[in-house]
Amino acid sequence: MNLTKLKSNPIVWILMVAVLMAVVLSFLSPFFMTVGNMTNLSKQVSIVAILAAGQAVVIISGGIDLSVGSVLAFSAVIIGTLIKMDVDPTLALVAGLVAGTFAGWINGMVITRAKIPPFIATLGMLGIARGMALVITGGVSHPVLSPLFLFIGNSKFLGLPIPLYFVLVTFLVVGIMMHKTVFGRHVYAIGGNERVARLQGIPVDRQKVKIYALSGFLAAVAAVVMTGRLAATPPSVAQAIELQAIAAVIIGGVSFVGGRGLVITALIGALIMAMITNGLNILGISSFYQQVLIGVVIIVAVWLDNLKSSNR
Amino acid sequence: MAKPDPLVEMRHISRNFGGLQALSNANLEVYPGEVLGLLGHNGAGKSTLIKILAGAETASEGAIFINGHEAHINGPNDARAYGIETIYQELALCGNLDAPANLYMGREISNWGFLNKKAMKEETAKALSRLNIRIKSLDTEVETMSGGQRQAISIGRAVHFNAKILIMDEPTAALGMEESKMVMDLTVELKKQGIGIIWISHDIHEVYNFTDRITILHGGENVVTAPTKDFTEDEIVSMIISGRPVERAANEEA
Ligand SMILES: Nc1ncnc2c1ncn2[C@@H]1O[C@H](COP(=O)(O)OP(=O)(O)OP(=O)(O)O)[C@@H](O)[C@H]1O
Ligand SMILES: [Mg+2]
């Protein structure tokens, strides 16, 4: 690969920012680059990163999914409630995944059949799924002490925490889907110009239902990791996390208009956000500033992106 | 001159959008190896008529016959299965994708859902070079290409999938003179191969020199269908505006 091609590659820029941040933070605090902190960081990033993978696909298709935090809670509550009823934990896990996928499928059906814009449809689901989680549990959090979930939340494999493997597998599979399959090609076409896609015979509605079902499924995967880490399933878990997932995608440089961007950059975007939180924590700076800084980073990231595309 | 059987016949097509009657009882036929000019003022129903043929709209009433058999076209893929390819003026390509992705959009070469990018790229290169279309790189987004290059890709796509009927809705409207000429040269090439072409344009001079027959619509109804050279350019213009056939020509034909 030659230099100009390297420079225009969207991964290069965002990766440089991430590496730069890591270097600066490790100079500022000797604690940053320790194994303990890195393990911590990768656990912190895992939930948002998994959600961001699904969100990236949705945003590339020209849509948005505001419901992922609520769907996560809904799936987690299904898992917790089933385990409390002495259902086999593996079965409960599968049921949780099915529940999340189902919620995403409903999103897709509402968007394509009832022609409700994604923002509104998933805003509705944000309320519905959270409400269902509260109704099912009566607002109570169930402890989940099954070995399966404790393993997912707390064990390591080859020195790396298990949630990290969830993240890596998620991005690997979603990356292959987006760049090697017909489905991925259709996602980019729909995001690029939906009417053209339709006129060229792409089954736009069917693909959109798949896209939102995928986002729901990944919310459920995040719920599995979350349940393992918390060893409980509080129905109020992961509130407003959808905004972090969207922020990760945007910081990663995925175009909000759709049709452009790489899913993998959302992972780096999530990492950058986690490093801000983590870095300010270990530097002892008030967490109030974290929100300010993340807000600034989002705006600057998009601004830089605009600059890049205007001198294209 | 004994005419061959028509490739396409659209019979008694009506279409209303709510209260608006965009087409009423419109007819159209295309023969192999001819360019049919479809004319009419803005809003006459030209695009609606060809969208019905292309599967992008559905008729409220009427029937379509292809090679003499009734065809049921319920979507773009049905139309393509009949060999109908369409070049929409503005809606032809996805700007964020490269030429091969656009050429194969909706009918990607794949195994088990996995794209065969290499095959698509090679086939695209072949298809474009067969038409003498030169494009710097097949990897660039089509958004960065000129209007003529983009139109050439759309035409390349239609030809590559063995169009028998090619619909071109204002294919030269956004193009410069040189690029228009390129598109028309390509079209003449296709005509020689026996493809039936429907050509929509507001450029009367172009239509007069380029088409074999014309069909004029006015307010969604047929005004006249005749060989182009039965009329003068001025007569055609006046029929488009007035919506009434010119008397003299009708007498001559009888
Ligand atoms: N989807 C739609 N919904 C409502 N009305 C429509 C729709 N499509 C077309 N029309 C109406 O139908 C009529 C015919 O439109 P059409 O696009 O076929 O005209 P046209 O002959 O192609 O005109 P132009 O030369 O301007 O392209 C117009 O009055 C238009 O407003
Ligand atoms: Mg039109």
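Helices here are DSSP runs of H or I with at least four residues, strands are DSSP runs of E with at least two, and both are numbered from the N terminus. On that basis, chain A has 14 helices and four strands.

Some ground rules. This is a predicted model, where local features need pLDDT of at least 70, side-chain atom pairs count only at pLDDT 80 or more, and totals for chains, interfaces and linings use all residues. Residues are numbered from 1 along each chain as its sequence is written, chains are lettered from A and ligands numbered from 1 in the order in which they are written, and side-chain values use heavy atoms, without hydrogens or water.

Chain A overall, then. Its radius of gyration, taken over C-alpha atoms, is 19 Å; that agrees with the value near 20 Å for a compact globule of 312 residues, the rule being 2.2 Å times the number of residues to the power 0.38. Along the principal axes, the C-alpha atoms of chain A fill a box of roughly 60 × 55 × 35 Å.

Next, burial. Buried means under 20% relative accessible area, with a 1.4 Å probe and protein chains only. In chain A, 52% of the 312 residues meet that.

Contacts mean heavy atoms within 4.5 Å. Take those in chain A between residues at least 6 apart in sequence: 76% join residues at least 24 apart.

Now one residue. Where does Leu51(A) sit? Its place is in helix H3 of chain A, residues 35-60. Leu51(A) counts as buried, because its relative accessibility is 1%. Beyond its neighbours within four places in sequence, Leu51(A) touches Val68(A), Leu72(A), Leu218(A), Ala219(A), Ala222(A), Ile241(A) and Ala245(A).

Two of those partners, Ile241(A) and Ala245(A), are among the buried residues of H12(A). How many of the 11 residues of helix H12 are buried? Nine are, so H12 of chain A, residues 241-251, is largely enclosed by the rest of the structure. The buried set also includes Glu242(A). After H12(A) comes Gly253(A), with a positive phi near 100°.

Finally, chain B. Strands E1 (residues 8-17) and E2 (residues 20-30) of chain B run antiparallel, joined by seven bridges. Pairing takes at least two bridges found by DSSP. Met10(B) stands opposite Leu28(B) in E2(B). E1(B) and E2(B) make a hairpin, with two residues between them. In the turn, Gly18(B) has a positive phi of about 60°.

That's my tour. Thanks.

Notes
Buried < 20%, exposed > 50% of the residue type's maximum accessible area, 1.4 Å probe, protein only.
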